[in-house]
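Let's take a tour of a protein together, going from the whole fold down to a few odd spots in the backbone. Keep the viewer open as you read.

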Amino acid sequence: MSNLDVGIGGVVLALVLIALRVPVGLALGLVSIGGIALMFNMNVAWGMISATPFDYVGQWELSAAPMFLLMGFLCSSTDMTRGLFLALRIYLSRLPGGLAITSVGACAFFAAASGSSVATASAMSRMAVPEMLKNGYDRGLATGTIAASGTLGSLIPPSVLLILYGVYAQVSVGQLFMAGFLPGLLSALIYMAMIIVRVKLKPELAGSGEVVVTDEERREAMRDIWPLPTLILLVLGGIFTGVFSPTEAGALGAFFAALIALVRRKLNWKTFVEAVSQAMISTASIFIILIGSLFFTRFLALSGFPRAFSNAILSVSDQTWWILFAVAVIYLVLGMLIDSIGLLLLTLPILVPMIDASGINAVWFGIIVIKLLEIGLITPPIGLNVYMINGALKNAVTLPEIFRGITWFLAMDLLTLLILIAFPMISLWLPSLAY
């Protein structure tokens with residue numbers, strides 16, 4: 001077998017193992033070690049195992065990920081979203097589908113604080129879905145709204161996926177954060193517009209449409225609205241103005257999230273330990289996948305597969321539309337089977353060389369990739385956010401009902417994707433101002 005044949009076989013075997021539910025990091029690592037041993041010898045494979053992980057995981061930029069994860073878990077465990085949700089509920093309840101629109105807005109704010117789609121969906125599902133169901137909302141619309149809006153955590157900065165893409169593709173994380181802001185806002189606005197139109201055409205989707213707000217809730221909302229906007233302004237303002245690097249912003253965000261929780265008397269030792277434990281577990285799982293993907297990158301580079309793949313795609317056409325179409329097909333198909341972080345780190349070793357060769361702007365391409373990963377978070381049969389909401393609600397709403405509810409949101413995601421492809425400056429305008 002030639003090295004290229006081993007590379008092709010390794011890619012196929014990795015996909016088969018992942019489809020069989022072998023953890024992504026383990027699958028990529030095993031395939032890589034076996035492939036390098038087959039192409040060369042076991043000593044070369046052991047040399048990669050001993051030298052590679054520390055050199056990569058020790059990169060300074062990667063330390064932003066655990067900091068933002070800790071910030072997100074602190075916000076979630078200390079109920080930092082409740083005041084903002086109540087305030088949005090008061091001011092937006094008169095709109096058609098007001099509670100669903102409120103949920104989209106609250107998810108967007110929480111995504112900007114947590115950087116995690118899973119954390120956003122988990123926190124908001126326990127707060128917003130029961131409120132919508134209590135007011136007679138369609139079960140599919142209620143859960144679909146949170147499942148789809150939770151994906152905003154992938155695009156609205158600070159996003160863990162943007163950090164991983166930036167480190168891997170050697171692109172400024174700060175630029176990526178600024179590039180993701182307007183597309184994330186656009187996604188939220190398109191969701192809101194779709195909800196308004198649907199409820200206008202079919203009012204029974206929103207139950208009675210009347211939301212009763214007590215004086216106590218109004219006072220609580222006004223009193224407790226400040227924590228999340230304050231934290232977001234601190235973190236994103238510091239990054240966008242260049243005062244903080246993303247890593248420094250993540251550390252300050254985690255610190256101030258804990259400080260705000262203390263001021264609000266929502267943080268105790270047990271809550272803090274739980275938040276830190278969740279952040280550590282999430283970080284460990286991400287870094288295991290990172291190490292596996294790094295092995296996979298070395299294996300593929302030695303086999304020559306990325307160059308062959310790039311040549312095969314570009315031989316059909318070197319037009320940007322064709323490259324993006326091929327990438328979209330890959331992500332939409334694999335996104336049904338593989339979680340977003342695993343899929344990102346599985347495909348970047350193959351796609352980054354092709355993007356470099358084609359001359360496509362790496363920042364803009366990164367936003368397109370993250371948007372495709374957002375779609376994968378709610379696409380059956382995996383739909384990680386769907387399963388997260390189903391678990392958080394303890395099966396009170398069935399999986400088929402949730403998947404039915406996300407159909408319209410998937411259509412809106414595809415519309416947003418087409419807009420981002422047609423108008424690259426939506427992603428590149430803010431970074432061009434700062435850099």
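Before we talk about loops, we need to know what a helix is here: a DSSP run of H or I with at least four residues, numbered from the N terminus. With that in hand, Arg21 sits in the loop between helix 1 (3-19) and helix 2 (24-39). Keep in mind that this is a predicted model.

**The whole protein**

The protein has 22 helices and zero strands. Its radius of gyration is 22 Å, close to the 22 Å that the globule rule gives for 435 residues, so the protein is as compact as a globular protein of that length. Along the principal axes, the C-alpha atoms fill a box of roughly 75 × 45 × 45 Å.

How much of the protein is buried? Buried residues make up 56% of the 435 residues. Among contacts with a separation of 6 or more, 81% come from residues 24 or more positions apart. On the outside, the accessible surface comes to about 17800 Å², and carbon and sulfur atoms own 68% of that. As for charge, there are 22 positive and 21 negative side chains, and the centres of the two sets lie 8 Å apart.

**Inside the core**

The largest nonpolar core has 148 residues, and Cys75 is among the six that touch the most other members. Leaving out residues up to four places away in sequence, Cys75 touches Met80, Phe110, Ala113, Leu228, Leu231 and Ala257. In general, nonpolar side chains in soluble globular proteins tend to be buried together.

**Odd spots in the backbone**

Most residues other than glycine have a negative phi, and most peptide bonds are trans. Here are two arginines with a positive phi:

| Residue | Phi | Relative accessibility |
|---|---|---|
| Arg21 | about 75 degrees | 57%, exposed |
| Arg265 | near 60 degrees | 79%, exposed |

Where does Arg265 lie? Look in the loop between helix 13 (246-263) and helix 14 (269-303).

There's a cis peptide bond to find too: the one from Pro157 to Pro158, with omega near 0 degrees. Pro158 has its place in the loop between helix 8 and helix 9 (160-169).

**One last loop**

Gly136 is found between helix 7 (117-134) and helix 8 (139-149), in the loop there. Is Gly136 buried, exposed or partly exposed? It counts as partly exposed, because its relative accessibility is 38%, and that label covers values between 20% and 50%. Beyond its neighbours within four places in sequence, Gly136 is in contact with Glu204, Leu205, Ala206 and Gly207. Gly47, by contrast, is 89 residues from Gly136 in sequence and 61 Å from it in space, C-alpha to C-alpha.

Methods: Residues numbered from 1 in each chain as written. Predicted model: local features only at pLDDT ≥ 70, side-chain atom pairs only at ≥ 80, totals over all residues. Heavy atoms only, no water. Helix = DSSP H or I, 4+ residues; strand = E, 2+ residues; numbered from the N terminus. Buried < 20%, exposed > 50% of the residue type's maximum accessible area, 1.4 Å probe, protein only. Contact = heavy atoms within 4.5 Å. Core = buried A, V, L, I, M, F, W, Y, C linked by side-chain atoms within 4.5 Å. Rg over C-alpha atoms; globule rule 2.2 N^0.38 Å. Areas by Shrake-Rupley, 256 points an atom, 1.4 Å probe, with all protein chains shown as cover. Lys, Arg positive; Asp, Glu negative; His and termini not counted. Charge placed at Lys NZ, Arg CZ, Asp CG, Glu CD.
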